[in-house]
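Please open the structure in a viewer and follow the stops below in order. Each stop proposes a selection and then describes what is found there.

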There are 2 protein chains.
Amino acid sequence: MKLITDRILLAHGSGGRLTHELISKLFRSRFSNPMLNTLDDSAVFPMKAAGSLAFTTDSFVVNPLFFPGGDIGKLSVFGTVNDLAMKGARPLCLSVAAIIEEGLETKILEQIADSISKAAKKAGVPVVTGDTKVVERGKADKLFLTTSGIGIVKPGVNVSGSRARPGDAVLINGTIADHGVAVLAARNEFKLKTAVKSDCAPLNALVQRILSAVKEVHTFRDPTRGGLATTLNEIADSSNVGIIIEESRIPVKKEARSACALLGLDPLYVANEGKVAVFVPEKQSAKTLQVMKKDELGKSSARIGTVVKSPKGVWLKTTASGLRPLVMLEGEQMPRIC
Amino acid sequence: MKLITDRILLAHGSGGRLTHELISKLFRSRFSNPMLNTLDDSAVFPMKAAGSLAFTTDSFVVNPLFFPGGDIGKLSVFGTVNDLAMKGARPLCLSVAAIIEEGLETKILEQIADSISKAAKKAGVPVVTGDTKVVERGKADKLFLTTSGIGIVKPGVNVSGSRARPGDAVLINGTIADHGVAVLAARNEFKLKTAVKSDCAPLNALVQRILSAVKEVHTFRDPTRGGLATTLNEIADSSNVGIIIEESRIPVKKEARSACALLGLDPLYVANEGKVAVFVPEKQSAKTLQVMKKDELGKSSARIGTVVKSPKGVWLKTTASGLRPLVMLEGEQMPRIC
């Protein structure tokens with residue numbers, strides 16, 4: 001028997017010799033770092049000081065595994081890094097758990113492990129522990145990943161979806177809908193050709209840049225599944241405020257807009273993976289925008305709206321017809337977008 | 001549309017309104033605790049002092065979801081608690097991420113959420129954050145869970161699979177093979193009737209009891225997938241020692257032994273979910289065994305072996321024929337046992 005076969009076998013999930021080989025040859029070699037949990041069941045590492053920890057988890061079931069601008073590995077690392085960043089946390093370490101369908105080509109798993117490793121390096125966060133399970137052919141769809149992350153929140157940082165306040169400016173760091181469009185196009189079923197790539201990126205550096213430069217930040221939130229409209233609704237609900245968004249100010253790439261039109265989608269409900277909605281008091285707005293535009297992930301940053309005391313909920317100010325309500329995503333627009 | 005439908009829909013994974021309803025009505029209501037991540041992407045909580053953290057993750061794909069003595073929810077909580085305990089860590093908090101197959105009965109998900117909640121209470125650890133994804137019918141098998149956990153390791157505690165030393169006594173807290181036998185029997189495909197229940201249980205209290213009473217503990221390790229034989233091989237490898245196990249001293253329930261005989265399985269390779277192999281210096285052995293026997297999970301504890309400098313590897317001392325090598329599990333004996 002070859003040490004690692006061309007395809008993943010059920011035995012690679014047995015916990016026995018093949019599991020050990022898969023982990024050491026395919027994963028451990030790529031994730032080498034001083035904190036890596038080498039052989040025990042948990043990674044253990046020192047915390048230098050008391051403080052606050054952030055903890056998050058996300059499963060990734062994106063279909064297809066590879067799409068323009070990213071793949072499930074990159075997506076899972078950045079997605080988890082971003083969930084930490086949205087609380088103002090610096091990522092400390094990640095875990096990755098894989099559920100693999102029997103018969104998956106080993107080469108694909110290697111490519112994704114490479115991608116995880118590269119993304120973790122880019123975000124500056126080590127993968128310190130993991131798990132691998134294999135299920136029978138037809139009982140999963142190639143590969144699902146679940147990443148969890150721990151981050152450190154510095155004293156004084158207090159950002160939350162419940163802290164938006166009337167008078168806040170709402171900013172975003174660039175064009176929306178790119179991720180959703182790229183993944184849908186990659187499925188081929190829509191015969192859609194587009195140059196749009198996923199915006200999949202780690203937002204931790206941008207967030208830290210803002211926190212360092214801006215005195216008072218109320219909310220960071222990444223508009224992933226459900227899109228910007230759903231995210232803004234979550235914030236409006238949690239903070240018990242209204243949010244008025246100006247349609248003409250929302251950055252959308254021309255290609256993404258055409259693709260959405262073809263697919264009958266509203267870009268406001270399409271997933272993003274490298275965008276953050278930032279809420280700051282009006283007087284910090286210009287400064288924040290300036291800081292955001294200097295970051296490589298914020299070149300197309302824009303002020304898109306304002307928080308009001310009433311009406312509650314989210315409202316879109318259109319060029320044509322004044323305000324229309326922008327509700328949370330109803331039903332499912334795009335399954336398995338992340 | 002009903003607030004929560006009888007079956008899980010793809011739209012429950014959309015990130016939109018139905019996802020919010022599923023999370024708030026089905027999960028959040030059950031996991032209520034002060035640390036719970038209510039609406040943000042990460043849970044944030046204070047760490048009272050500097051110290052060491054343990055971090056672990058595991059995916060659970062057990063088939064069937066319910067089996068005598070447990071279910072996937074209980075298994076995932078205790079499995080993660082135990083991975084923390086094996087490093088001597090007290091569990092601080094857990095995350096739970098669910099990948100659900102479209103069409104799963106909502107009632108089943110509710111039962112499993114109840115079970116997660118009950119298990120978390122029993123182990124004394126809050127579930128503080130989570131995630132829910134839904135994939136199309138036929139793209140997963142009902143439900144997969146991934147739990148991650150953070151624990152705190154007290155200063156001075158240093159247990160590891162690499163710390164077994166020649167002269168150490170090897171102890172176990174009860175009968176082996178119960179979990180694997182119970183799950184296989186629950187699959188029905190083997191027409192196996194047995195009274196054996198899974199040993200699925202949280203080992204954190206037992207571990208803390210040992211750490212409080214015994215001066216020097218070298219290794220804790222739970223023999224899950226791959227069974228006791230595989231676990232001992234991992235320890236022998238990591239510690240570069242030999243381990244001699246006495247066959248006659250290994251506790252195995254009569255019913256489990258007959259079931260294994262019928263299925264052609266060796267109990268030494270069958271998974272456990274509430275057992276821990278404990279390595280302590282010979283002079284601490286009697287004390288440790290006494291402490292273990294006092295714990296509700298250690299009534300059938302036994303000394304089963306000894307660590308030697310050579311021969312390396314794991315050896316079974318049989319009543320009939322002296323020593324025979326006990327290798328790591330080859331191939332797959334039982335897919336989806338956890």
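**Stop 1: The largest cavity**

The lining of the largest cavity comprises seven nonpolar, two polar and three charged residues. The model is a predicted one, and the selection for this stop draws on both chains. From chain A, select Val61(A), Arg225(A), Met334(A), Pro335(A), Arg336(A), Ile337(A) and Cys338(A). From chain B, add Leu10(B), Gly13(B), Ser14(B), Lys133(B) and Val134(B), which complete the lining. The space enclosed there amounts to about 80 Å³. In total, the structure contains five cavities of 30 Å³ or more.

**Stop 2: Strand 7 of chain A**

Next, select residues 143-153 of chain A, which form strand 7. Is this strand enclosed by the rest of the structure, or not? Ten of its eleven residues are buried, so the strand is largely enclosed.

Now display its partners. Strand 2 of chain A, residues 51-60, runs antiparallel to strand 7 of chain A and is joined to it by nine bridges. Within strand 7 of chain A, Ser148(A) is the residue opposite Thr57(A). Strand 5 of chain A, residues 90-101, also pairs with strand 7 of chain A in the antiparallel sense, over ten bridges. Here Leu94(A) has Gly149(A) as its bridge partner.

**Stop 3: A sheet with strands from chains A and B**

Colour the strands in the order 1(A)-2(B)-7(B)-5(B)-6(B) to show an open sheet of five strands with mixed pairing. Strand 1 of chain A (43-47) and strand 6 of chain B stand at the edges, each with a single partner strand, so one side of each has no neighbour in the sheet. From one strand to the next, the twist averages 15°.

Focus on strand 5 of chain B, residues 90-101, which runs parallel to strand 6 of chain B and is joined to it by eight bridges. Glu101(B) stands opposite Val135(B) of strand 6. Then add helix 2 of chain B, residues 72-85, which packs on the sheet and touches strands 2, 5 and 7 of chain B. The direction of helix 2 makes about 30° with that of strand 7 of chain B.

**Stop 4: Lys142(B)**

Finally, centre the view on Lys142(B), in the loop between strand 6 (127-135) and strand 7 (143-153) of chain B. Its relative accessibility is 40%, and Lys142(B) therefore counts as partly exposed. Which residues does Lys142(B) touch, not counting those up to four places away in sequence? They are Leu65(B), Ile99(B), Ile100(B), Glu101(B) and Leu104(B). To end, show Val207(B), 65 residues from Lys142(B) along the chain: the two C-alpha atoms are separated by 34 Å.

Conventions:
Residues are numbered from 1 along each chain as its sequence is written. Chains are lettered from A and ligands numbered from 1 in the order in which they are written. This is a predicted model: local features need pLDDT of at least 70, side-chain atom pairs count only at pLDDT 80 or more; totals for chains, interfaces and linings use all residues. Side-chain values use heavy atoms; hydrogens and water are left out. On a 1 Å grid over the protein atoms alone, a cavity is a set of points where a 1.4 Å probe fits but cannot get out, and a pocket is an open set with protein on both sides within 12 Å along at least five of seven lines; lining residues have an atom within 4 Å of a point. Grid points are joined across faces, edges and corners, and a volume is the space filled by probe spheres set on the points. Ala, Val, Leu, Ile, Met, Phe, Trp, Tyr, Cys and Pro count as nonpolar, Asp, Glu, Lys and Arg as charged, and the others, Gly among them, as polar. Buried means under 20% relative accessible area, exposed over 50%, partly exposed in between (1.4 Å probe, protein chains only). Helices (H or I, at least four residues) and strands (E, at least two) are DSSP runs, numbered from the N terminus. Two strands pair if DSSP finds at least two bridges between them. Contact means heavy atoms within 4.5 Å. Axes are lines fitted to C-alpha atoms, for helices over the stretch in contact, and angles run from 0 to 180 degrees between N-to-C directions.
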